[in-house]
Amino acid sequence: MDEMQAEPAPFDKEELLKRHRFEKKELQNKIQSMKKSIPKGDKKMKKDIGDEITNLEKELEEKHSQELGQFQEVEIHIEDPKLKEAEANDEIKDKEIEKAPIKISRAQRRRNKKDTEAKEREKRILDQAERNKEGPRILEMNTIKKALQEINLQIHNIPADGNCLYLAVKHQLQVSRRSTHSVNELRKKAANFMRAHKDDFLPFMYNEDDESEIVSEETFESYCKDVEKTKLWGGQLELKALSNVLSCPIKVIQATGPPTVQGENFKGPELILTYHRHLYRLGEHYNSTLPLEEEDDSA
């Protein structure tokens with residue numbers, strides 16, 4: 001690209017500064033067009049264009065400095081106050097141009113942006129921590145703990161991996177010294193019971209796209225298959241199935257409303273779980289319980 005050459009300075013300094021402002025504006029328009037011409041993802045061309053833009057800005061700055069240095073202004077004393085005021089305004093504009101902010105490199109802009117984002121993120125974390133002191137997660141946990149203390153129980157934490165319901169039931173089987181089953185076995189037993197008693201479960205299922213639409217048998221079978229083969233989160237339907245296949249009552253303690261019980265007709269001690277809506281951002285969660293006098297290291 002041709003280098004910019006300093007043009008002969010005009011006699012009138014105002015004319016020179018006016019042309020300088022025009023040339024700066026023209027260069028900015030040209031730079032915008034050059035940036036838009038870069039294909040998305042073309043890092044090499046983006047670097048080359050960036051270097052060329054830097055050179056153009058430097059050349060124009062040097063050209064303007066040279067022209068201003070060569071300009072010999074003849075001071076004319078003018079008595080007209082209005083003309084003097086106009087000259088003063090032009091001088092202010094010239095100083096503003098000379099004090100234009102120094103160009104910041106892209107790398108520095110990125111670093112500044114990251115620093116700003118880090119400070120804003122830290123502030124949001126601190127603000128959220130303060131709000132959490134009275135947030136739904138803390139309030140829910142305190143309510144559940146209080147309900148458990150009244151029956152001499154405490155929470156036993158279960159991992160939040162999609163198997164929480166089955167892991168909590170497995171833990172309760174161990175605590176109550178019943179015959180235990182693996183998570184896969186519990187999932188298979190629940191799925192098979194639901195298949196065998198389709199009429200008892202199908203009416204309580206809904207279509208995610210349209211809740212008013214009745215779930216088809218194909219969708220029901222697909223759901224049962226997911227219960228058996230995947231980490232599909234379990235809920236009331238699975239609790240009902242597990243209560244029946246294990247022949248024992250399962251009580252769920254929650255922060256809002258009374259405890260729910262599946263399999264009230266079965267004898268023997270209840271399997272007692274806790275249900276949390278706000279414990280994790282991913283959604284609902286089930287924990288198990290232990291006698292209050294026992295210290296639970298995982299809690």
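This passage describes the predicted model shown above, from its overall make-up to a few individual residues.

The protein has ten helices and five strands. Of its 299 residues, 30% are buried. The accessible surface amounts to about 21,100 Å², and carbon and sulfur atoms contribute 50% of that area. Contacts between distant parts of the sequence are well represented: among contacts with a separation of 6 or more, 61% join residues 24 or more positions apart. A disulfide calls for two cysteine sulfur atoms within 2.5 Å, and by this rule the model has zero disulfides. Two cysteines can be placed by their accessibility. Cysteine 164 has a relative accessibility of 2% and is buried, because buried means under 20%. Cysteine 224 is likewise buried, with a relative accessible area of 0%.

Helix packing comes next. Two packed helices are described by the angle between their axes and the distance between the axes. Helix H6 (residues 164-175) packs on helix H7 (residues 183-196) with the axes 9 Å apart and an angle of about 110°. H6 is therefore roughly perpendicular to H7, since angles of 65 to 115 degrees fall in that class. On the H6 side, the residues that meet H7 are Tyr166, Leu167, Val169, Lys170 and Leu173. Their partners in H7 are Val183, Leu186 and Arg187. An α-helix has 3.6 residues a turn, so residues three or four places apart point the same way.

The loop between H6 and H7 holds arginine 177. This arginine has a phi near 60°, a positive value in a residue other than glycine. Arginine 177 counts as exposed because its relative accessibility is 75% and the cut-off for exposed is over 50%.

Helix H7 also packs against helix H10, where the axes come within 9 Å and cross at roughly 95°. These two helices are therefore roughly perpendicular to each other as well. From H7, the residues involved are Leu186, Lys189, Ala190, Phe193 and Met194. They meet Leu237, Ala241, Leu242, Asn244, Val245 and Leu246 in H10. Leu186 thus appears in the contacts of H7 with H6 and in those with H10. Helix H10 spans residues 236-246, and its buried residues are Leu237, Glu238, Leu239, Ala241, Leu242, Ser243 and Leu246. Among these, Leu237, Ala241, Leu242 and Leu246 are also listed in the contact with H7.

Just after H10 comes serine 247, with a positive phi of about 55°. This serine belongs to the loop between H10 and strand S2 (250-254). Serine 247 is partly exposed because its relative accessible area of 41% lies between the 20% and 50% cut-offs.

Strand S3 (residues 260-262) includes glutamine 262, whose relative accessibility of 18% makes this residue buried. The side chain of glutamine 262 forms a polar contact of 2.9 Å with the side chain of glutamine 236. Beyond its neighbours within four places in sequence, glutamine 262 is in contact with Gln236, Leu239, Lys240, Ser243, Cys248, Pro249 and Ile250. Leu239 and Ser243 in this set are among the buried residues of H10.

Strand S4 (residues 271-280) includes threonine 274, which is buried with a relative accessible area of 0%. Its side chain makes a polar contact of 2.9 Å with the side chain of histidine 276. Leaving out residues up to four places away in sequence, threonine 274 touches Ile144, Leu148, Ile155, Val252, Ile253, His285, Tyr286, Asn287, Ser288 and Thr289.

Two exposed residues complete the description. Proline 203 sits in the loop between helix H8 (198-201) and helix H9 (217-229), and at 60% relative accessibility proline 203 counts as exposed. Isoleucine 214 is eleven residues from proline 203 in sequence, with a C-alpha to C-alpha distance of 7.8 Å. Glutamate 293 lies in the segment after strand S5 (283-291) and is exposed, with a relative accessibility of 65%. Glutamate 293 and asparagine 152 are 141 residues apart in sequence, yet their C-alpha atoms are 7.6 Å apart in space.

Technical notes. Residues are numbered from 1 along each chain as its sequence is written. This is a predicted model: local features need pLDDT of at least 70, side-chain atom pairs count only at pLDDT 80 or more; totals for chains, interfaces and linings use all residues. Side-chain values use heavy atoms; hydrogens and water are left out. Buried means under 20% relative accessible area, exposed over 50%, partly exposed in between (1.4 Å probe, protein chains only). Helices (H or I, at least four residues) and strands (E, at least two) are DSSP runs, numbered from the N terminus. Contact means heavy atoms within 4.5 Å. Accessible areas come from the Shrake-Rupley method with a 1.4 Å probe; for residues, only the protein chains shown count as cover. A polar contact is a pair of N or O atoms within 3.5 Å; within protein, one must be able to donate a hydrogen and the other to accept it, and residues adjacent in sequence count only if both atoms are side-chain atoms. Axes are lines fitted to C-alpha atoms, for helices over the stretch in contact, and angles run from 0 to 180 degrees between N-to-C directions. Angles under 35 degrees count as roughly parallel, over 145 as roughly antiparallel, 65 to 115 as roughly perpendicular and the rest as oblique.
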